[in-house]
Amino acid sequence: MEDEQLLEWTKEISRREFAREFRDDIRFNPRLRTTGGRYIPKERRIEINRLYLEECGPEELEGIIKHELCHYHLHIEGKGYHHRDADFRRLMEETGSPRHCTPLPSSKKQDFHHYRCRRCGVTYRRKRRVNTDKYRCGRCKGILEKVDDGY
């Protein structure tokens, strides 16, 4: 799917679900990694993560588009368009838009760093690397060492 097809599909979703016209810009942004899409109020533009179409299919992408259209239409009307605003929550409920997108299947693999205390043998699993020169075991203050994934 190209940006022009995405624009036509978004216009159709906007007419069908919101009974309003989408008159601005929507495009795929290859730099988006941690989100399905975003609305940029200053530019009145929606950007979409193409990986959601490729990995999750058109149903998931339609939900993302509906969510971003909630931001868009409320912003245009001068109403509260942030996640915390009642107007936003009400419009999402009316249109059946998802609050969050599902995590991408390709991003589910989380690499962890494993450490073991030399003194008491307790193991730690951390998302971020730990400076073993600076940090010690929380139980016995022993020296930590990096361990292979198999512990």
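## Glu21 and Arg15

Let's start with a single charged pair: Glu21 and Arg15 are joined by a salt bridge, with 3.6 Å between their closest N and O atoms. Keep in mind, as you look around, that this is a predicted model.

How exposed are the two partners? Glu21 has a relative accessibility of 37%, so it counts as partly exposed. Arg15 falls into the partly exposed class as well, at 41% relative accessibility.

## More salt bridges

The Glu21 pair belongs to a wider set, as the structure holds 13 salt bridges. Another of them links Arg38 to Glu47, and here the closest N and O atoms are 2.6 Å apart. Is Glu47 buried or exposed? With a relative accessible area of 3%, Glu47 is buried, because the cut-off for buried is under 20%. Its partner Arg38 is partly exposed, at 35% relative accessible area.

A further bridge pairs Arg118 with Glu145, whose closest N and O atoms lie 3.3 Å from each other. Which parts of the chain does this pair tie together? Arg118 sits in the loop between β4 (113-117) and β5 (123-126), while Glu145 belongs to strand β6 (residues 144-147), so the bridge connects parts that are 27 residues apart in sequence. Arg118 counts as exposed, with 56% relative accessibility, and Glu145 is partly exposed, at 28% relative accessible area.

Some bridges also share partners: Glu12, Arg16, Glu17 and Glu62 are joined in this way into one network.

## Where α1 crosses α3

Now for a pair of helices. Helix α1 (residues 3-18) and helix α3 (residues 58-76) have axes that come within 10 Å and cross at roughly 70°. Why does this count as roughly perpendicular? The class covers angles from 65 to 115 degrees, so α1 is roughly perpendicular to α3. The crossing of the two helices is right-handed.

Which residues meet at this crossing? On the α1 side they are Leu6, Trp9, Thr10, Ile13, Ser14, Arg16, Glu17 and Phe18. On the α3 side, the contact is made by Pro58, Leu61, Glu62, Ile65, Lys66, Leu69, Cys70 and His73. By type, the residues of this contact divide into 9 nonpolar, 3 polar and 4 charged.

## Linking the two themes

The network and the helix contact have residues in common. Arg16, Glu17 and Glu62 take part in the salt-bridge network, and these residues also appear in the contact, with Arg16 and Glu17 in α1 and Glu62 in α3.

Terms used:
Residues numbered from 1 in each chain as written. Predicted model: local features only at pLDDT ≥ 70, side-chain atom pairs only at ≥ 80, totals over all residues. Heavy atoms only, no water. Salt bridge = Lys/Arg side-chain N within 4 Å of Asp/Glu carboxyl O. Buried < 20%, exposed > 50% of the residue type's maximum accessible area, 1.4 Å probe, protein only. Helix = DSSP H or I, 4+ residues; strand = E, 2+ residues; numbered from the N terminus. Axes fitted to C-alpha atoms, helices over the stretch in contact; angles between N-to-C directions. Parallel < 35°, antiparallel > 145°, perpendicular 65-115°, else oblique. Left-handed = near helix turned anticlockwise from the far one by under 90°. Contact = heavy atoms within 4.5 Å. Nonpolar A, V, L, I, M, F, W, Y, C, P; charged D, E, K, R; others polar.
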